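Welcome! Take a moment with the sequence and the 3D view below, and then let us walk through them together.

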Amino acid sequence: MKNRRIASSATIGVVLFLTFGLISGALPSRVSAAAAQERALLDTGGSAAGDFGPPVGEPIVATLTSPPYVPPPINRNTPAKLIVNLEVRELDMPISEGVMYTFWTFGGTVPGSFIRVRQGDTIEFHLANHPSSKMPHNIDLHAVTGSGGGASSSFTAPGHESQFTFKALNQGLFVYHCATAPVGMHVANGMYGLILVEPPGGLPPVDREYYVMQGDFYTVGKYREKGHQAFDMQKAIEENATYVLFNGSEGALVGDNALSANTGETIRLFVGNGGPNLVSSFHVIGEIFDKVFTEGGTHYQENVQTTLVPAGGSAITEFRVEVPGTLVIVDHSIFRAFNKGALGMIKVDGPENLAVYTGKEVDSVYLGDKVKDLTVVAEATTAYSTTGEVTIAQQIAAGEALFAGTCSVCHQLDGRGLATVFPPLAGADFFLADTTRAIDIVLNGLVGPITVNDQSYDSVMPPMSQLNDDEIADILTYSLNSWGNDGGRVTREEAAERRASTERPPGAAH
Amino acid sequence: MMVLLAVTAFAAADDFRGRMATVGPGEFHSVIPEGKKDAVIDIPVFQLDQRPVTNGEFLDFTNANPQWQRSNAVRLFVDASYLSHWETAIELGPDVDAEQPLINVSWFAATAYCEAHGARLPRWYEWEFAAAADKTHADARDDPLWRQQILNWYATPGSKALSLVGQRAENFYGIQDLHGLVWEWVADYNALLVADDNREQGGADKLKFCGAGAISMERKEDYAVLMRVAMLSSLEAAYTTQNLGFRCAADLSEGSQ
């Protein structure tokens, strides 16, 4: 996997050279030599350049791993002969809690064992079909150049074993799967996995490498219908998936099975999609992919949020984690994540990094459309500023709109409050007895026990000093004249006087 | 080859026929066309075992024909797993029920058994013709529920203990256990035609196959047939597996039925 940065600046150089060269009629032979060199940096040469000769040294038995783990990086700079022993087992395993399914597996897991080789290696592949299997099976590795990807050479009856040998001429991350009739059913039952063919120089080291493979599953019963579920061919043909899962079961990557990492580490995910039908919109909630090797190929894109993983295809994503928390792996075709199980987790441990992410800082009330039309408020204010006078009617109208927007949240639109929690204003002895105290309470709030209409209240009223004098006067005037209250009036001058002569509590506005 | 398999003629042919049902004649719409688009095969009348051959029945056969006991059988005709589930070459043992269908048997051994009874293995078309029936219809292959039921068996793993023969309902012809118990050998299993890689539709290896080319199937929704074809195609005549047994067939002779 080449580093594109070096390549791109060289590209610019060459493009400029070419442009200048063509315009000024420069020597064509020097241009093509440079272009050829440039091409070598961008182009691995494909399978034609992938044969590094016969294997060197003793044959090595390949280490295979079960998901989500991968074998260690290859540490070799010569081609070798690798012996891969892979067994097919048909197993009853839970697909979801309380739901059993008969999976057909490579190596006893869905997805199957992860195979890691180096470009140019010769792989002697042994496929064994356990005697308890009902079905014959074979294998098609997308890394194989040859008939059927190996499928025509590995058709194996139960209780038998096949062998074939191939050379891995192309680097990349490749899917393998069973190709026995009916192919869709074998794949739908979980017969897929990944084989990584490392470039000759290996992959740049990272802190964590994990193996995640998506698949769609089709059962006769509904999603999460308990019991043993059979495969439903009709749903598979219609591409109506019952489950869409990472690593073969709903619990595969959540809870105790979540992947783990520490802040500051770089994670590499080898992502596969066995299908059989659905394409994945692969995304990790809470992170951005610093690099994506799209479709498991050689060159990477940077700074990607969501990448497509084709059915029967792969991708390699790399990202550095900076803050602790739980990252959620999803197929961003989002109903699959929340209604069909396409969900996994990465738990990141480490110290907080508030400069990058703080979590929730403020939670305040937002009244939204409870705020009524405030033109009446504007009218009252205009009246006062132009004529020096505002009528009680104007104050009441303005106060009604302001009350609805600010006070009704607790005291309710009908002024009755909430029993034992928020005191009423309608017919409330505590309110009506002392208007000056009422202004003070609106400005400065009130804490501590009070008795209103023989009912005790011990709540907190926050200071509302952000309201200006007009607004306080209008709200109180409205309250004194509503809900059967006898009447009264508060003027802006009174509000201003109380504002000047009392102290705001800490944190309140002016 | 049949001449080389020396077997003792065993039990009166009529007794043996007594356990067979008569099937056909009829027309069979095969899913695998013999070179033509829609293959309609004429199936002449034949007889077919109502149940698969059991452990007990095969034990009687090997007792009378010791060359077919597992300690004696020629390795050309059987593989290493032949009758491996029996405790010894001549005893079933406590873990094996005489009424369970015989498994771990090769095509050669199955053929020898049927021949010893004046019978033969059914041909593939005959087997499929009988197997297309449910309880009330000769051809139930268009019934999605029936198809799903069969597929449910194919979907469960093979590790559960085999049930006894004759437990399931009789089909239209009075035959049991064509589905849901074990795979079954047919005489011409090797004339089936799955290319090792199922995706080689009409590929370069057409000449390999006596029947049609690689799978160019009609009735794609009846994919249980595909699975049976795939299974049989993966076998060699000497192979045995834990999920494969057989039953016998016979041509209708005068005087019987």
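Across all its chains, the structure holds 1 disulfide, a term used here for a pair of cysteine sulfur atoms within 2.5 Å. This is a predicted model, in which local features need pLDDT of at least 70 and side-chain atom pairs count only at pLDDT 80 or more, while totals for chains, interfaces and linings use all residues. Residues are numbered from 1 along each chain as its sequence is written, chains are lettered from A and ligands numbered from 1 in the order in which they are written, and side-chain values use heavy atoms, with hydrogens and water left out.

## The disulfide and other cysteines

Which two cysteines does the disulfide join? The partners are B:C114 and B:C248, with 2.0 Å from S to S. The torsion about their S-S bond is about -85 degrees, so this disulfide is left-handed. The pair ties together distant parts of the chain, 134 residues apart: B:C114 sits in helix α3 (residues 107-116) of chain B, and B:C248 in the loop between β6 (244-245) and β7 (249-251) of chain B. Helices (H or I, at least four residues) and strands (E, at least two) are DSSP runs, numbered from the N terminus.

Is B:C114 buried or exposed? B:C114 counts as buried because its relative accessibility is 0%, and B:C248 is buried with a relative accessible area of 0%. Here buried means under 20% relative accessible area, exposed means over 50%, and partly exposed lies in between (1.4 Å probe, protein chains only). In chain A, A:C178 is likewise buried, at 0% relative accessibility. A:C407 is in no disulfide, and the nearest cysteine sulfur, that of A:C410, is 8.9 Å away. With a relative accessibility of 17%, A:C407 counts as buried.

## Chain A as a whole

Chain A has 12 helices and 25 strands. Of its 510 residues, 48% are buried. The accessible surface of chain A comes to about 23,000 Å², and carbon and sulfur atoms account for 55% of that. Accessible areas come from the Shrake-Rupley method with a 1.4 Å probe, and for residues only the protein chains shown count as cover. Among contacts in chain A between residues at least 6 apart in sequence, 70% join residues at least 24 apart; a contact means heavy atoms within 4.5 Å.

Helix α10 (residues 435-444) of chain A is a good place to look inside. This helix is largely enclosed by the rest of the structure, because 7 of its 10 residues are buried. The buried residues of α10(A) are A:A438, A:I439, A:D440, A:I441, A:V442, A:L443 and A:N444. They pack against α9 (429-433), β22 (446-447), β25 (460-461), α11 (469-480) and α12 (492-501) of chain A.

## On the surface

For a contrasting view, turn to helix α5 (residues 334-339) of chain A, where A:F338 lies. A:F338 is exposed, with a relative accessible area of 53%. Together with A:I334 and A:F335, A:F338 makes a nonpolar surface patch of about 340 Å². Patches are made of residues with over 30% relative accessible area and no salt bridge; like charges are joined within 9 Å, and nonpolar side chains (Val, Leu, Ile, Met, Phe, Trp, Tyr) within 5 Å.

## Three residues in loops

The table places three loop residues by their accessibility.

| Residue | Loop | Relative accessibility |
|---|---|---|
| A:G286 | between β15 (280-285) and β16 (289-293) of chain A | 61%, exposed |
| A:A48 | between α2 (28-42) and β1 (60-61) of chain A | 76%, exposed |
| B:Y173 | between α5 (144-155) and β5 (183-184) of chain B | 15%, buried |

How do sequence and space relate here? A:A48 and A:L169 are 121 residues apart in sequence and 7.7 Å apart in space, C-alpha to C-alpha. A:G286 and A:K134 are 152 residues apart in sequence and 44 Å apart in space, again C-alpha to C-alpha. Leaving aside residues up to four places away in sequence, B:Y173 touches B:A21, B:T22, B:V23, B:G24, B:F129, B:A130, B:A133 and B:A138.

## Where the chains meet

How many residues of chain B are in contact with chain A? There are 30, and they meet 33 residues of chain A. The area buried between the two chains is about 2,600 Å², with 62% given by carbon and sulfur atoms. Buried area is the accessible area (1.4 Å probe) that two parts lose on being put together, summed over both. Between chain B and chain A the count is 0 salt bridges, a salt bridge being a side-chain nitrogen of Lys or Arg within 4 Å of a carboxyl oxygen of Asp or Glu.
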